[in-house]
Amino acid sequence: MNSKSTTPDSHEALLDEAFRHNARTRNETAGTDLSTPTQGALDLEERNSFRRVNTTTELRNEDREDIYEVEYRKLRLERVILVGAWTEGSTAEMEANMRELAALTETAGAEVIDMLYQKRDKPDPGTYIGSGKVKELREIVDASGVDTVVFDGELSPGQMVALEEALNSKVIDRTMLILDIFAQHAKSKEGKAQVSLAQMEYLYTRTRGWGGNLSRQAGGRAGSNGGVGLRGPGETRIEADRRRLRSEMAKLRHQLADMETVRQIKRAKRQSSTTPKIAIAGYTNAGKSSLINAMTDAGVLVEDALFATLDPSTRRATLADGRNVVLTDTVGFVRHLPTQLVEAFKSTLEEVSNADLLLHVVDGADEFPLKQIAAVSEVLAEITRDQDSELPPEIVVVNKIDSADPVVLAELRHVFDATGREAVFVSALTGEGIAELEGKIEMFLNTLDEHVVMLIPYTRGDVVSLVHEHGTIRSEEYETDGTRIDVRLPRVLARQYDEFVQQVY
């Protein structure tokens, strides 16, 4: 068995003994001599074995109160084992996925004890990893004394129940983990409501007892019909849980609808403005907030953690040519972002489709940045498809080049050159490439402008001020009849003050 571990020696000894015991049991049953395994047996064991993943990240262990609530399942993870099923891609990609799951778990406030994955053609419909591997995992859980097992995938209600019963441990999936992180990080009233709605929608089909049956009957007597008014089983606990969830979800949808009205009013004001709007989107922890700070000195929260930014922030920036733009930071995406979260944050993510330009930020220091780009593009396509809209023009911003592998950066440059995709390589930390990025933004915004010469009477100082605020002045002269300005101006303004336009280039 190909096995690596970062666990303590005593724990490793217990795990090795568990695996040796399983191997002896399998071989004794088959009547095979352990000392002379066949190549076919070795190949089969290599394929079916759990493998361990080393992680170079030192994970924090934060003591958190453990709360179990059926309706909301507000998770507070403690000591956990991560389990994945490798169905496609290379071993390096699978281990990178597991390390990302470990980072998510750390963000939720847990200590990762071990990370295991198994190669399979597809997840087992009953237990995700198969009954045989569940037995091995149970021995590992018992030996390590963990509280929770986190699976790198979305478990069906049946799989979750079967795994909880077989492992005698709390079991959660990737979706529940991400929902919990969002619940911890949401700050605004709207953000909290969106996350709560997403949690309830996901848990609606998963309302069940924790470690026991909650289908307690509210009426009736054993062996009889219960008499008048008491016939039938009454309302079960699960039915009551679901009824409360439906009621709470209806309230949250109503609250979010009211908030959407306010958002639409604010959005209408922004759309009526001539200031160009730039949305910043990308993979979580790619450095979107750092990029905004590098361009605006806005002081947006920057943290080396996944989903540090959930509530969108909008900042004004002034480019080198004096033109003002509005930058909007959006929530980060992640591989297999839960559908419930995409739906809940759809109103927030509308900022992307309503922008004039999209900056797609990529973590250049990641092992597989092209996978990040594909994951983000998939979510953006889903949003615009549901809204029957189109994405704005895009500039890919490869961030963190100060710490990226030169080979990976060379590969990215080759891919972008081959596809003709607009890309800029920057470091928000050191400022390298920021000037080039702003230059690219200026060049794009120029395509939205009209180059005109205007003669504005001295009595219309308000128009001169507006032109200075929203245009790029090429020359300005004072003549007898007024101020002659050669300017690149947003089309809407040029047409609004067409009476002063002398020449159009």
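**A tour from Ser289 outward**

Select serine 289: its relative accessibility is 9%, so the residue counts as buried (buried means under 20% relative accessible area, exposed over 50% and partly exposed in between, with a 1.4 Å probe and protein chains only). The model is predicted, with local features requiring pLDDT of at least 70 and side-chain atom pairs pLDDT 80 or more, while totals for chains, interfaces and linings use all residues. Numbering runs from 1 along each chain as its sequence is written, and side-chain values use heavy atoms, with hydrogens and water left out.

Stay on serine 289 and show its helix, H9, which spans residues 288–296. Helices (H or I, at least four residues) and strands (E, at least two) are DSSP runs numbered from the N terminus. Add Thr309 to the selection: an unreviewed UniProt entry places the annotation "binding site" on Ser289 and Thr309. Such annotations may be inferred rather than shown by experiment; their positions follow the numbering used here, and feature names are shortened.

Next, select Leu82, Leu137, Phe151, Leu291, Leu359, Leu437 and Ile441. These have the most contacts inside the largest nonpolar core, a set of 83 residues. A nonpolar core here is a set of buried Ala, Val, Leu, Ile, Met, Phe, Trp, Tyr and Cys residues joined through side-chain atoms within 4.5 Å. A second, separate core has 14 residues, among them Val464, Val467, Leu489 and Leu493.

Move to serine 144, in helix H4 (residues 131–144). Serine 144 is counted as buried because its relative accessibility is 9%. Now pick arginine 79 as well: 65 residues separate the two along the chain, and their C-alpha atoms are 9.2 Å apart.

Two backbone checks follow. Asparagine 168 has a positive phi, near 55°, and is not a glycine. Its loop runs between helix H5 (157–167) and strand S5 (170–173). With a relative accessible area of 60%, asparagine 168 is exposed. Lysine 400, also not a glycine, has a positive phi of about 65°; look for it in the loop between strand S10 (394–399) and helix H13 (406–419).

Finally, show the whole chain. Its secondary structure comprises 16 helices and 15 strands, and 49% of its 505 residues count as buried. Among contacts (heavy atoms within 4.5 Å) with a separation of 6 or more, 71% join residues 24 or more positions apart. The exposed area is about 24,200 Å², with 49% supplied by carbon and sulfur atoms; accessible areas come from the Shrake-Rupley method with a 1.4 Å probe, and for residues only the protein chains shown count as cover.
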